[in-house]
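Me: I am new to this structure and would like a close look at one part of it. Please take me through how its helices pack.

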Amino acid sequence: MNEAHIHLLLNHTPILGSLFGLVLMLAGMIRQNAVVLRTGLVTLVVAAVLAMPTQLTGEGAEKVVEHQPGVSRSLLHEHEEAAELAFWVLSTTGALALGSVLLLNHQHRRAALLARFTLAGALLSFGLMARAGNLGGQIMHPETRSDFVSNAFENEHNASNKLP
């Protein structure tokens with residue numbers, strides 16, 4: 001296994017972790033269920049921690065694929081920039097989540113306010129992580145790019161435009 005394999009294995013964790021944390025937090029707040037809220041907060045802390053190895057393997061993954069045919073240097077750069085921003089936002093959200101858990105455990109009067117900030121951070125984190133993941137997927141999967149036209153579609157289109 002090389003760093004590209006490791007990066008691909010890890011990169012879904014912060015994306016899905018931020019989504020699950022967001023959903024659990026929202027459910028906990030709507031239902032006023034402290035256990036579900038805490039579970040969502042802890043999920044965000046774990047997602048933030050697991051984003052670190054994903055971020056650390058990105059450079060090595062880039063070195064593995066950057067000279068492959070069809071790999072766009074600009075797309076690699078765009079993915080890298082998006083992933084770095086998403087990493088820092090999720091890291092900040094993870095810190096807010098940890099603070100929220102501590103305040104909730106001590107029944108601090110500001111716990112609900114910090115939890116709301118964490119929820120906003122989770123929403124932003126998921127959006128940024130999903131964008132970075134989408135850009136990363138486009139690097140080696142041209143079929144996910146907006147300008148992609150499949151050969152099968154082109155062949156069918158050309159065949160239907162021929163006169164009998």
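Does helix 2 pass helix 5 in a left-handed or a right-handed crossing, and which residues make the contact?

Reply: Helix 2 passes helix 5 in a left-handed crossing (the near helix is turned anticlockwise from the far one by less than a right angle; clockwise would be right-handed). From helix 2, the contact (heavy atoms within 4.5 Å) takes in Pro14, Ile15, Ser18, Leu19, Leu22, Met25, Leu26 and Met29. From helix 5 come Ala115, Arg116, Thr118, Leu119, Ala122, Leu123, Ser125, Phe126, Met129, Ala130 and Gly133. These contact residues divide into 14 nonpolar, four polar and one charged (Ala, Val, Leu, Ile, Met, Phe, Trp, Tyr, Cys and Pro are nonpolar; Asp, Glu, Lys and Arg charged; the others, Gly among them, polar).

The model is predicted: local features need pLDDT of at least 70, side-chain atom pairs pLDDT 80 or more, while totals for chains, interfaces and linings use all residues. Numbering starts from 1 along each chain as its sequence is written, and side-chain values use heavy atoms, without hydrogens or water.

Now the geometry. The axes of helix 2 and helix 5 come within 8 Å and cross at roughly 150° (lines fitted to C-alpha atoms over the stretch in contact, with angles from 0 to 180 degrees between N-to-C directions). The two helices are therefore roughly antiparallel (over 145 degrees; under 35 is roughly parallel, 65 to 115 roughly perpendicular, the rest oblique).

Helix 2 also packs on helix 3. Their axes come within 7 Å and cross at roughly 165°. Helix 2 and helix 3 are therefore roughly antiparallel too. Their crossing is left-handed. Helix 2 offers residues including Gly17, Phe20, Gly21, Leu24 and Gly28, and helix 3 residues including Val36, Gly40, Ala47 and Thr54. This contact has 14 nonpolar, nine polar and no charged residues.

Helix 3 and helix 5 meet as well. Their axes come within 12 Å and cross at roughly 25°. That makes helix 3 roughly parallel to helix 5. This crossing is left-handed. Leu41, Leu44, Ala51 and Val65 of helix 3 touch Thr118, Ala122, Met129, Ile139 and Met140 of helix 5. Eight of the contact residues are nonpolar, one is polar and none is charged.

These helices also help to line the largest pocket, with a volume of about 780 Å³. On a 1 Å grid over the protein atoms alone, a pocket is an open set of points where a 1.4 Å probe fits, with protein on both sides within 12 Å along at least five of seven lines. Its lining has 35 residues (an atom within 4 Å of a point), with His7, Asn11, His79, Gly136 and Ile139 nearest the centre. Helix 3 gives the largest share, 10 residues. The lining divides into 17 nonpolar, 14 polar and four charged residues.

Definitions and conventions:
Grid points are joined across faces, edges and corners, and a volume is the space filled by probe spheres set on the points. Helices (H or I, at least four residues) and strands (E, at least two) are DSSP runs, numbered from the N terminus.
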